[in-house]
Amino acid sequence: MNTETITQLLERYFHDQATLAEQEALFKYLEENPGNEQWETLLLKFIPEAVESGEREEKYNFLVKSVLGKLKVRNSKRRWLAVAASVIALLGVGLYFYTNHKTAGPVAVAAPDSAPITAPSANRATITLADGSVVYLDSVANGQLAQLGNIQLVKLANGQIAYRTADGQILKEPQNNTLTNPRGSRIIDMQLSDGSHVWLNAGSSITYPVFFTGNERTVTLEGEAYFEVTEDKSKPFYVRFSPTSKEERAGTVEVLGTYFNVNAYSDEENIKEIKVTLLEGSVRVSNPGIPSRIINPGQQAGLTKNGISVRQVDLNDIMSWKNGYFNLNDLAFTEIMNQLERWYDIDAVYPAGVPNIGLFGKIGRDLSLAETLTSLGDMGVRCRMEGKRLIITK
């Protein structure tokens, strides 16, 4: 995209003339070309009009916030840049948002009226052992946590959970453990006895055998997890989902050795779909009574009670949760709110109904709730906090 085209898009956006497709193109280019000095030069030309018009000033400020998330301030004389950059640092926006809401510019969002809700700073995960006892991972030191027959459950120095066994030692009777990562908890990662690695998102749980026996490896997931499965052609790896609602969403992912993400939250009632996304390798996705589908890297399978659909997706968007971001792209408004509910341990309610607002971009998961809500307010989301209830208004 040349300078003339960028200038035209900026002018159309600034004067409320850009179509939704043009807005997408503009902010996509901004995202893919961070630190480009031409942004400063192009934005400077809009200052006189922004100063003369309050409406234009709001539009300009929103545009500057979006741009400056990727620019570095090099000249202290450009005070408008420094001020805007400070705002961006505070809000944690730093990226390419747009909204198809009719309101131009930022919308004020009320901060929580109680103690500030921060991003999770610790892991609150637990492991329920086969005998029903519970190990609280945030309250135990590194080292051995439990002895399970010939298997040791250990917590490593980096916080990872692992199962260790001597060569040739196996359990005569299978024992299942359940790792639960509650709402308001940081991501927990675990290494299964076969060496496979699992990362578990907040509000998720996984049930698995302490040691895999027989001719298959099977785990059961509720919520969202990312898997890196150790290849073993003699023992296929299965991820199963129990029916999680009256829609009877159930299914299985079969792999030999691959990287994939599974989103099977039971609270995604409005979506009624389990999502399996493949990053590397090959997996077969099946649903009871429906023909199975094999997906390739970059594809996502959506499982419902009626069938399995396959689509191409942006892997960076899908893996945002593991990489430290809330993804807003191509998601229903309620899906985005579900992310906030699980991460901050809050409850979103819609007394005036779900707003018809399109959101675009990503927001850092290390921000406080107030900062995140302010960022959403810049995109047209009107809301307020009452205790731990997020009230979405129109």
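**Entry 1: a proline to start with**

Which strand holds Pro 291? I looked it up, and Pro 291 belongs to strand 16, residues 290-295. Is Pro 291 buried or exposed? Its relative accessibility is 63%, so I put Pro 291 down as exposed. I also checked its distance to Gly 307: the two C-alpha atoms are 8.0 Å apart in space, with their places 16 residues apart in sequence.

**Entry 2: how far to trust the model**

A reminder to myself: this is a predicted model. The mean pLDDT for the protein is 76, and 67% of the residues reach at least 70. I then asked which element scores lowest and which highest. Helix 6 (residues 79-91) has the lowest mean pLDDT, 38, and strand 8 (residues 197-200) has the highest, 96. Over residues 69-113 the pLDDT stays under 50, and the model gives that stretch 110 contacts beyond four places in sequence. Residues 244-249 are also below 50, with 18 contacts beyond near neighbours in sequence. I am keeping both stretches in mind while I read on.

**Entry 3: the overall inventory**

I counted 9 helices and 23 strands in the protein. Of its 394 residues, 48% are buried. I also looked at contacts between residues at least 6 apart in sequence: 56% of them join residues at least 24 apart.

**Entry 4: strand 10 and its partners**

Next I went to strand 10 (residues 217-228). Which strands pair with it? I took the partners one by one.

- Strand 8 pairs with strand 10 in the antiparallel sense, over 4 bridges; here His 197 faces Glu 228.
- Strand 9 (residues 204-209) is antiparallel to strand 10 too, over 3 bridges, and Ser 205 is opposite Glu 222.
- Strand 11 (residues 237-241) runs parallel to strand 10 and shares 4 bridges with it; Thr 218 has Tyr 238 opposite.
- Strand 13 (residues 259-264) is joined to strand 10 by 6 bridges, in the antiparallel sense, with Gly 223 opposite Ala 264.

**Entry 5: aromatic rings**

How many aromatic pairs are there? The count comes to 6. One of them is Trp 199 with Tyr 226, a tilted pair with 5.4 Å from centre to centre and 40° between the planes. Trp 199 is in strand 8 and Tyr 226 in strand 10, so this pair ties together parts 27 residues apart in sequence. I checked whether these two residues are buried or exposed. Trp 199 is buried at 14% relative accessible area, and Tyr 226 is buried at 5%.

A second tilted pair is Phe 326 with Tyr 344, at 5.9 Å between centres and 40° between planes. Phe 326 sits in strand 19 (residues 325-327) and Tyr 344 in helix 8 (residues 333-344), so the pair ties together parts 18 residues apart in sequence. Phe 326 has a relative accessible area of 2% and is buried; Tyr 344, at 3%, is buried as well.

I also noted one aromatic cluster, formed by Phe 212, Phe 227, Phe 237 and Phe 260.

**Entry 6: charges over rings**

Which residue lies over the face of Trp 199? I found Lys 322 there, 4.5 Å from the ring centre. So much for the first tryptophan; I then turned to Trp 343. The charged end of Arg 365 sits over its ring, 3.9 Å from the centre.

**Entry 7: a sheet of 3 strands, and helix 8**

Last, I looked at an open sheet of 3 strands. What is the strand order? I read it as 20-23-22, with mixed pairing. Strand 20 (347-349) and strand 22 (382-386) are the edge strands, each pairing on one side only. On average, neighbouring strands of this sheet are turned by 25° against each other, direction ignored.

Strand 20 pairs with strand 23 (residues 389-393) in the parallel sense, over 3 bridges. Within that pairing, Asp 347 has Arg 389 of strand 23 as its bridge partner. Helix 8 lies across strand 20 and strand 23, and runs at about 160° to strand 23. Helix 8 is also where I had placed Tyr 344, the ring that pairs with Phe 326 of strand 19.

Notes: Residues numbered from 1 in each chain as written. Predicted model: local features only at pLDDT ≥ 70, side-chain atom pairs only at ≥ 80, totals over all residues. Heavy atoms only, no water. pLDDT = per-residue confidence, 0-100. Helix = DSSP H or I, 4+ residues; strand = E, 2+ residues; numbered from the N terminus. Contact = heavy atoms within 4.5 Å. Phe/Tyr/Trp six-rings, centres within 6.5 Å; stacked < 30°, edge-to-face > 60°. Buried < 20%, exposed > 50% of the residue type's maximum accessible area, 1.4 Å probe, protein only. Lys NZ or Arg CZ within 6 Å of the ring centre and 35° of its normal. Pairing = 2+ DSSP bridges. Axes fitted to C-alpha atoms, helices over the stretch in contact; angles between N-to-C directions.
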